[in-house]
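Work through the exercises below with the sequence and the structure at hand. Each task is followed by a solution in steps.

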Amino acid sequence: MAEQNFIIEAAIVLAAAIVGVLLAERLKLGSVLGYLVAGLVIGPAGLAFVTDVEATRTPAELGVVFLLFMVGLELPLERIRVMPPAILGLGGG
């Protein structure tokens, strides 16, 4: 029964993500904002479609890793070469 509940919640999360991104793009906003609003709507603070926060923690962390990876891919190499003092200073702090 627990596996069936997880599959239903996963389907709800995916459907909400798709709807959230489509609405955000229609409003000419970023897709990340669509994901955040969808999470707020279906989460425990909203309509509570997804109540098991611990079960969604691992996919959420994986999503953050993928988001940071995408940002890293889009960062120009020339800009990284110019920033070493700032990177070392802020990163060390």
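**Exercise 1. Place V71, then find the surface patch to which V71 belongs.**

Step 1. The model is predicted, and V71 lies in helix 3.
Step 2. V71 is part of a nonpolar surface patch of about 1,100 Å². Its other members include L27, L29, F49 and L67.
Step 3. At least two patch residues come from helix 2 (31-42), and at least two from helix 3 (53-74).
Step 4. Helix 2 gives the most, with six residues.

**Exercise 2. Check the length of helix 2 against the rise of 1.5 Å a residue.**

Step 1. Helix 2 has twelve residues, and the expected span is 1.5 Å times one less than the number of residues, hence 16 Å.
Step 2. The end C-alpha atoms are 17 Å apart, which agrees with the expected span.

**Exercise 3. Determine which residues of helix 2 are buried and how they are arranged about its axis.**

Step 1. With buried taken as under 20% relative accessible area, the buried residues of helix 2 are G34, A38 and I42.
Step 2. Viewed down the helix 2 axis, these buried residues fall within an arc of 50°, so they line one face.
Step 3. An α-helix has 3.6 residues a turn, so residues three or four places apart point the same way.
Step 4. On the face turned away from the buried side, helix 2 carries the exposed residues L36 and L40.

**Exercise 4. State the confidence of the model for the chain and for its elements.**

Step 1. The chain has a mean pLDDT of 81, and 96% of its residues reach 70 or more.
Step 2. Among the elements, helix 2 has the highest mean pLDDT (87), and helix 5 (residues 84-92) the lowest (72).

Notes:
Residues are numbered from 1 along each chain as its sequence is written. This is a predicted model: local features need pLDDT of at least 70, side-chain atom pairs count only at pLDDT 80 or more; totals for chains, interfaces and linings use all residues. Side-chain values use heavy atoms; hydrogens and water are left out. Patches are made of residues with over 30% relative accessible area and no salt bridge: like charges are joined within 9 Å, nonpolar side chains (Val, Leu, Ile, Met, Phe, Trp, Tyr) within 5 Å. Accessible areas come from the Shrake-Rupley method with a 1.4 Å probe; for residues, only the protein chains shown count as cover. A salt bridge is a side-chain nitrogen of Lys or Arg within 4 Å of a carboxyl oxygen of Asp or Glu. Helices (H or I, at least four residues) and strands (E, at least two) are DSSP runs, numbered from the N terminus. Buried means under 20% relative accessible area, exposed over 50%, partly exposed in between (1.4 Å probe, protein chains only). The arc is that of the directions from the helix axis to the C-beta atoms. pLDDT is the predictor's confidence in each residue, from 0 to 100.
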